[in-house]
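Got your viewer open? Take this tour one stop at a time, selecting what each stop names before you read on.

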Amino acid sequence: MNDKADLKKSAGNEPEEQIQIPLADLIKTRVDKSKELKQLGIDPYPASYKRDHLVRDILSDFDTFVSKETVVRIAGRIRLKRKMGKVFFADLYDSSGRIQLYIKINNVGQECFDLFNSVDLGDIVGCEGTLFVTRTGENTLSATSVTMLAKALHPLPDKHSGLADKEIKYRRRYVDLIMNEEVRDTFRLRTKMISLIRNYLNNLDFLEVETPVLQPLYGGGNAKPFETHHNRLDMKMYLRIADELYLKRLIVGGYDKVWEFCKDFRNEGMDRLHNPEFSMIELYWAFADYNDMALMFEDMLRHLVFEMHGTYKIAYGDHEIDFEPKFKSISMIDSIKEATGLEMMDMSFEDAKAAAVDMGIEDDVLINWGKTVEAIWEKKVEPNLIQPTFIIDHPVEISPLAKRHSDNERLTERFELFIGGGEMGNAFSELNDPIDQLKRFLQQGKAMEAGDDEAQPLDDDFITAL
RNA sequence: GGGGGCGUAGCUCAGUGGUAGAGCUCCUGCCUUUUAAGCAGGCUGUCGAUGGUUCAAGUCCAUCCGCCCUCACCA
């Protein structure tokens, strides 16, 4: 924990000094061991090792490996080590799992036994041998040779309590990945999900594109941007907060279906669920309205959940979420009525505001009818949307890029999907009337002047495109 | 930004004014099927930083730094 301060102190020193300051003694013994290996002519960091099996492959067909006395070569990190006289037991972890090693002096010889004696927890080793089952019934690899592949100079977190320091967990993700299998699984699952989405959209003839991250003007969402500067052009630039306006330009240009896996940047407060740098997917579909979009989105999610988990039901916190039934769909206005009895459509801005203040909502966000509806909805409805639920037809004031509803011009043709109390997606019949779009931008401009630093600036080129 | 909490050995944590501790790690020895191996012995601290109160501060006070939780805002 104090490494940070210590590293600051040692800034500018030689690397060797830097690492000796924080963990002096523990690291020194490991560095010494590393030097001893070199003196014996053993490279503590060899370039390669020809392994021929993953741990998972061995364990999944263990009996066959035992009966055929197959010689296998594996490689991985030593996480636990138990010495018993002239015998070692150790737990080796590779990317696929854990297996116990058995290193007996009679089998590996004095030299190799001594080498393994100097192995520290955290070192990466290669191991060749055959398989057997111990007296206590554990599937084990009996080594015929052990090779040092990478000497670890820092000790691992406590073998019993694991990595408890959240700061290290997030700042040094690699330590968390070493210690916690489920973290590795989470990352794998994320990659699988992206791949499934890509295949799904490809199959529907959506064209995957890339649009600018560095933009002269930001837009497509309500957020504060990161600012940067282009030296040669001597020009202020922004990191994108959304790719929406660029994807829509592509629709204007003649593509029917486009999408992007998009890394965005928002200069706002951060917490466990909000990273300044985050990823999202946006897709645009010409001639389709928000009902078409909702049907596709629902189908895609149901497909993803099943492909990733093999079931439609997944555990989330204290809840089980079921993706199999048709998702519920209710308008924002009706959902408020259901939860509170209030009929927002019949209420003026003043009445709505009074009702919101009664609920304990701070009145500085209540700047118009739509914002007030949203605030009430967020307080009374959103947290309870555990099972997949489409909320549709949002007020126009909170949806500057959405087309007005064909039945009611105070509302828009828009949906957001909520699962587990959080938003999972947002879509609308896109506003394609350039005159109305210009009005909405001008409205946003007023909001910006009024101090709303998340309002969107006017994008002339986008209006021209429409 | 508001409110609450935390910071002591490499790791996890005890220690509420009077000689800085435990378990694990690490080092030494014994132990040829152990598994949080065991047994015996040993090393390890700017108690987050600075200032103050006190005969005496890890402990009380102030300021600062860092982190966590929570509320507000957002995805």
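Which residues does I99 touch, not counting residues up to four places away in sequence? Select I99 and show what surrounds it: V55, I58, L59, I74, A90, D91, L92, L131, N139 and L141. Touching here is contact, meaning heavy atoms within 4.5 Å.

Before going on, some house rules: this is a predicted model, where local features need pLDDT of at least 70, side-chain atom pairs count only at pLDDT 80 or more, and totals for chains, interfaces and linings use all residues. Residues are numbered from 1 along each chain as its sequence is written, chains are lettered from A and ligands numbered from 1 in the order in which they are written, and side-chain values use heavy atoms, with hydrogens and water left out.

**Stop 1: the cores**

Keep I99 selected and add I74, L101 and I103. In the largest nonpolar core, which has 28 residues, these four touch the most other members. A nonpolar core is a set of buried Ala, Val, Leu, Ile, Met, Phe, Trp, Tyr and Cys residues joined through side-chain atoms within 4.5 Å. Buried means under 20% relative accessible area, exposed means over 50%, and partly exposed is in between (1.4 Å probe, protein chains only).

Now colour the elements that give two or more residues to this core, among them helix 4 (55-60), strand 3 (97-104) and helix 6 (105-117). Helix 6 is the top contributor, giving six residues. Helices (H or I, at least four residues) and strands (E, at least two) are DSSP runs, numbered from the N terminus.

Next, select L201, W259, F390 and I419. They are included in a second, separate core of 27 residues.

**Stop 2: RNA strand B**

Show RNA strand B and everything around it. How many residues surround RNA strand B? There are 44, and the closest are Q100, T136, E138, H160 and H274. A residue counts as near the strand if one of its heavy atoms lies within 4 Å of it.

Colour that surface by residue type and you get 13 nonpolar, ten polar and 21 charged residues. For this split, Ala, Val, Leu, Ile, Met, Phe, Trp, Tyr, Cys and Pro count as nonpolar, Asp, Glu, Lys and Arg as charged, and the others, Gly among them, as polar. Strand 1 supplies the most to this surface, with four residues.

On the RNA side, 48% of the atoms within 4 Å of the protein belong to sugar or phosphate, and the rest belong to bases. Zoom in on K83: a polar backbone atom there is 2.7 Å from a base nitrogen of RNA strand B. Then try G85, where a polar backbone atom is 3.1 Å from a base nitrogen of the RNA. At N106, it's a polar side-chain atom, 2.8 Å from a base oxygen.

**Stop 3: H405**

Jump to the loop between strand 15 (389-392) and strand 16 (414-419), where you'll find H405. Is H405 buried or exposed? H405 is buried, because its relative accessible area is 13%.

Show its side chain. H405 and Y290 are joined by a side-chain polar contact of 3.5 Å. A polar contact is a pair of N or O atoms within 3.5 Å; within protein, one must be able to donate a hydrogen and the other to accept it, and residues adjacent in sequence count only if both atoms are side-chain atoms. The H405 side chain also reaches the backbone nitrogen of D407, at 3.0 Å.

**Stop 4: E181**

Select E181, in helix 9 (residues 181-203). E181 counts as partly exposed, because its relative accessibility is 30%. Its side chain makes a polar contact with that of R184 (2.2 Å). Now add G97: E181 and G97 are 84 residues apart in sequence, but their C-alpha atoms are 8.5 Å apart in space.

**Stop 5: two loops**

Select D205, in the loop between helix 9 and strand 6 (207-208). Phi of D205 is near 65°, a positive value in a residue other than glycine. D205 counts as exposed because its relative accessible area is 62%.

Then go to F287, between strand 11 (277-285) and helix 11 (290-309). F287 has a positive phi too, about 70°, although it isn't a glycine. With a relative accessible area of 83%, F287 is exposed.
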